Amino acid sequence: MKKSSSAIRNPQSLVRPLVRHLDGYVPGEQPKIKGLIKLNTNENPYPPSPKVLSAVKAATDGRLRLYPNPTAQLLREKLAKLHGCQPENILIGNGSDELLALATRAFVESAELKTGAAQKDSAATVQFFSPSYSLYPVLAAIHGARTNVVALDKDFGIPPLAVLKKSKAWDFCAALTFVTTPNAPSGRGYSTAELEGLCRLHKGVIILDEAYVDFGGENAMELALKYPQVIVARTFSKAYSLCFQRVGYFVGHPALMAALDKIRDSYNVNGLGQIAALATLDDLKYYRANFKKIIATREQLSRELEALGFIALPSKTNFILVRPPCFPAKDWLEKLRAQKILVRWFKYPSVRDFLRITIGTDAEADALLRASKRILSGSVGT
Ligand SMILES: *Cc1c(COP(=O)(O)O)cnc(C)c1O
């Protein structure tokens, strides 16, 4: 071997400093242990419609050797009908996470590459409220963008417009703003009127991330078709029981969709995912019945946890944020885990006293209640 080939002592040095120092996104745990009740990543407890399963099975044959439709044309046409717009208003992603990343790359300058005062900071700014989806700061960091993070009010409401304007903390010119609506991890919903007030004043792109909108929130789809700077993000993952297939979409102005289209991978949405999503749209009745069940379980579980001394915040999503009694939330996480129930705890100051609990089946809710009673009665340790 030539000497030069051994010259690289530290392979880490081959990695860009920005990437070397990056803290990546930490997804909720996908445990290998059997028998664990999984209420930590907001997956739907009900399976996809039988029609979706048979469509995917029927497509699983020798055709897997072929590339899928590169623009997910049929799916875009069907979604356009559903939302009363044109296929040009729609872009499909490998999960909505992919689209959020593409938006960061398409609309935000990287602060790293900035060439002096000619460029205003807003052009390199990704903005969002805190707490909200913990992927946003990671996307900004990957891109080398600035972040502007503004705290939600104590009850997780969006600060009134007058306050946002006066405080100057909010940048109405930020290149890209993410709003999780309904909010995660609090579950709080926002009215379309309130969101419109905010969106109207924005000079940059504003993405309304409606991952949980089917669980009772007011949807703001009309804003994506009214204001060129507004994009609505949706996903088949949570409400449509399709996390595994990775299909999400944007609805927005054709000029923005075309820009994103240029920078995505040609075959970003896998073929079985397209087929599953199409079949989903043919059986919306099945899913609407599930939304009703999940909402009923959510309301019932909230009442029963409150009877045990928890504070359960009102939710428009398929999870609830609860403040547990007697022990710190982090201890509850461990105690519930010892009882084979997995929930989520975030260490951010605004939510560190809370647990986020995904709404499962009624049987899973009962198991959670039984475990909580055991923990409160001191009959079990961690
Ligand atoms: C789960 C989630 C997403 C991502 O959904 P995928 O389509 O599975 O990538 C986006 N935004 C929020 C707020 C989410 O909770």
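Biologist: Let me start with one residue. Where is the place of Lys168?

Modeller: Lys168 sits in the loop between α6 and β5. Keep in mind as we go that this is a predicted model. The backbone of Lys168 has a positive phi of about 65 degrees, although the residue is not a glycine.

Biologist: How do I read burial? Is Lys168 buried or exposed?

Modeller: The general idea is a pair of cut-offs: under 20% relative accessible area is buried, over 50% is exposed, and the range in between is partly exposed. Lys168 is at 70% relative accessibility, so this residue counts as exposed.

Biologist: Which other residue besides glycine has a positive phi, and what is its value?

Modeller: Asn42 has one, with phi near 60 degrees. Look for Asn42 in the loop between β1 (37-38) and α2 (50-59). Asn42 counts as buried because its relative accessibility is 1%.

Biologist: And which class fits Ser191: buried, partly exposed or exposed?

Modeller: Ser191 has a relative accessible area of 28%, and is therefore partly exposed. Its place is the loop between β5 (176-180) and α7 (192-200). For a sense of distance, try Ser191 with Leu256: they are 65 residues apart in sequence, and 25 Å separates their C-alpha atoms in space.

Biologist: Let us turn to peptide bonds. Where are there cis bonds before a proline?

Modeller: Omega is the angle to read here. The bond from Ser130 to Pro131 is cis, with omega near 0 degrees, and Pro131 is in the loop between β3 and α5. The bond from Thr181 to Pro182 is cis as well, again with omega near 0 degrees. Pro182 belongs to the loop between β5 and α7.

Biologist: Now helices. Why do residues three or four places apart point the same way?

Modeller: An α-helix has 3.6 residues a turn, so residues with that spacing end up pointing the same way. Now look at α11, residues 284-307. Its buried residues are Leu284, Tyr287, Asn290, Phe291, Ile294, Thr297, Arg298, Leu301, Ser302 and Leu305. Try finding them one by one in the structure.

Biologist: How many residues does α11 have, and what span does it reach?

Modeller: The helix has 24 residues and reaches 35 Å from its first C-alpha to its last, close to the 34 Å expected at 1.5 Å a residue. After α11 comes Gly309, with a positive phi near 105 degrees.

Biologist: What do the buried residues of a helix pack against, say in α5?

Modeller: In α5 the buried residues are Leu135, Tyr136, Val138, Leu139, Ala140 and His143. They pack against α4 (96-107), β3, β4 (146-151), β5 and β6. Just after this helix, Gly144 takes a positive phi of about 70 degrees.

Biologist: Why does His143 count as buried?

Modeller: His143 has 17% relative accessibility, so it falls in the buried class. Its side chain reaches the backbone oxygen of Val108 at 2.7 Å. Setting aside residues up to four places away in sequence, His143 touches Thr104, Arg105, Val108, Glu109 and Ser110.

Biologist: Which residues does Gln245 contact, leaving aside its neighbours within four places in sequence?

Modeller: Gln245 is in contact with Val56, Asn270, Leu272, Gly273 and Ala276. Gln245 lies in the loop between β7 and β8 (248-251), and it counts as buried because its relative accessibility is 14%.

Biologist: Finally, the ligand. Which residues are around it?

Modeller: Walk around it and you will find Gly95, Ser96, Asp97, Tyr133, Thr180, Asp209, Ala211, Tyr212, Thr235, Ser237, Lys238 and Arg246. By class, this shell has three nonpolar, five polar and four charged residues.

Biologist: What distances should I look at between the ligand and Asp97, Tyr212 and Lys238?

Modeller: For Asp97, a backbone N or O atom lies 3.0 Å from an oxygen atom of the ligand. For Tyr212, an N or O atom in the side chain is 2.6 Å from a ligand oxygen atom. For Lys238, a polar side-chain atom lies 3.0 Å from an oxygen atom of the ligand. Taken alone, the ligand exposes 390 Å², and the protein buries 93% of that.

Definitions and conventions
Residues are numbered from 1 along each chain as its sequence is written. This is a predicted model: local features need pLDDT of at least 70, side-chain atom pairs count only at pLDDT 80 or more; totals for chains, interfaces and linings use all residues. Side-chain values use heavy atoms; hydrogens and water are left out. Helices (H or I, at least four residues) and strands (E, at least two) are DSSP runs, numbered from the N terminus. The expected span of a helix is 1.5 Å times one less than its number of residues. Buried means under 20% relative accessible area, exposed over 50%, partly exposed in between (1.4 Å probe, protein chains only). A residue is near a molecule or strand if one of its heavy atoms lies within 4 Å of it. A polar contact is a pair of N or O atoms within 3.5 Å; within protein, one must be able to donate a hydrogen and the other to accept it, and residues adjacent in sequence count only if both atoms are side-chain atoms. Accessible areas come from the Shrake-Rupley method with a 1.4 Å probe; for residues, only the protein chains shown count as cover. Ala, Val, Leu, Ile, Met, Phe, Trp, Tyr, Cys and Pro count as nonpolar, Asp, Glu, Lys and Arg as charged, and the others, Gly among them, as polar. Contact means heavy atoms within 4.5 Å.
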